[in-house]
Amino acid sequence: MTFSDRMKDMLSQGGGASRDFMERAGDTARDLGKKGLAASKDLAAKANAKVQELGSKGVLRIEIKKLEGKAERLLGALGADVYRLLVEEGAASVDANVPVIKAGLSDVTLIREQIESREAQIKALSGRS
């Protein structure tokens, strides 16, 4: 075999090896692309779930703040009713059975329960993380 024949043979073998290498590299790149896409989808789903959780918690916290404000107003009105009964109307004492006081206490209790319910919902959302 001449030198020229040997070089042709070597080049043809090298071309086959390069072709095999390129096919393997292509397969590897395709596999990596599929894995990357799957990881991206998983990450996007997790991020979406976290955003929804934070949004839900935010809404609940805003509702709690509103309820706390309402409770403060109700307590202020309750105090004003007690003052009116004792000072302006001259009642000797006031207890929880006085109709206006009973209604005020009932309203405050209802607000407290609503606040506690929303706090439990926030805790439940935090427990799922």
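A contact here means heavy atoms within 4.5 Å. The exercises below apply this and related criteria to a predicted model.

**Exercise 1. Describe the overall fold of the protein in terms of its helices, strands, contacts and surface.**

Solution. Begin with the secondary structure: the protein has two helices and zero strands. Next, consider the contacts between residues at least 6 apart in sequence, of which 63% join residues at least 24 apart. Then turn to burial, where buried residues account for 12% of the 129 residues. Finally, the area that the protein exposes comes to about 9,900 Å², with 60% of it supplied by carbon and sulfur atoms.

**Exercise 2. Compare the span of helix 2 with its expected value, and list its buried residues.**

Solution. Helix 2 contains 29 residues, and the expected span is 1.5 Å times one less than the number of residues. From its first C-alpha to its last, helix 2 reaches 42 Å, which is close to the 42 Å expected. For the second part, apply the cut-off of under 20% relative accessible area; the residues of helix 2 that count as buried are Ile101, Gly104, Val108, Ile111, Ile115, Ile122 and Leu125.

**Exercise 3. Determine which residues are linked in a network of salt bridges with Glu53, and describe their surroundings.**

Solution. The general principle is that side chains of opposite charge can pair when their charged atoms come close. Glu53 forms a salt bridge with Lys50, in which the closest N and O atoms are 3.7 Å apart, a value that lies within the 4 Å cut-off for a salt bridge. Both Glu53 and Lys50 belong to helix 1, where a separation of three residues corresponds to about one turn. The network of salt bridges links Lys50, Glu53 and Lys57, and Lys57 is likewise found in helix 1.

The accessibilities can now be assigned one by one: Glu53 is buried at 11% relative accessibility, Lys50 is partly exposed at 39%, and Lys57 is buried at 9%. Leaving aside residues up to four places away in sequence, Lys57 touches Ile122, Leu125 and Ser126. With Ser126 there is also a polar contact between the two side chains, at 2.8 Å. Two of the residues touched by Lys57, Ile122 and Leu125, are among the buried residues of helix 2.

**Exercise 4. Contrast a salt bridge within helix 1 with one that joins the two helices.**

Solution. For the case within one helix, take Arg84 and Asp81, whose salt bridge has its closest N and O atoms 3.7 Å apart. Arg84 and Asp81 both lie in helix 1, three residues apart, or about one turn of the helix, and Arg84 counts as partly exposed at 26% relative accessibility.

For the case between helices, take Glu63 and Arg118, whose side chains meet in a salt bridge with an N to O distance of 2.7 Å. Glu63 lies in helix 1 and Arg118 in helix 2 (residues 99-127), so this pair ties together parts that are 55 residues apart in sequence. Glu63 is partly exposed, with a relative accessible area of 30%, and Arg118 is partly exposed as well, at 22%. By the rule used here, the count comes to eight salt bridges.

**Exercise 5. Identify a nonpolar patch on the surface and place one of its residues in the secondary structure.**

Solution. Tyr83, Leu86 and Val87 form a nonpolar patch on the surface, and their accessible area together is about 280 Å². Of these residues, Val87 can be placed in helix 1, which covers residues 3-88.

Definitions and conventions:
Residues are numbered from 1 along each chain as its sequence is written. This is a predicted model: local features need pLDDT of at least 70, side-chain atom pairs count only at pLDDT 80 or more; totals for chains, interfaces and linings use all residues. Side-chain values use heavy atoms; hydrogens and water are left out. Patches are made of residues with over 30% relative accessible area and no salt bridge: like charges are joined within 9 Å, nonpolar side chains (Val, Leu, Ile, Met, Phe, Trp, Tyr) within 5 Å. Accessible areas come from the Shrake-Rupley method with a 1.4 Å probe; for residues, only the protein chains shown count as cover. Helices (H or I, at least four residues) and strands (E, at least two) are DSSP runs, numbered from the N terminus. Buried means under 20% relative accessible area, exposed over 50%, partly exposed in between (1.4 Å probe, protein chains only). A polar contact is a pair of N or O atoms within 3.5 Å; within protein, one must be able to donate a hydrogen and the other to accept it, and residues adjacent in sequence count only if both atoms are side-chain atoms.
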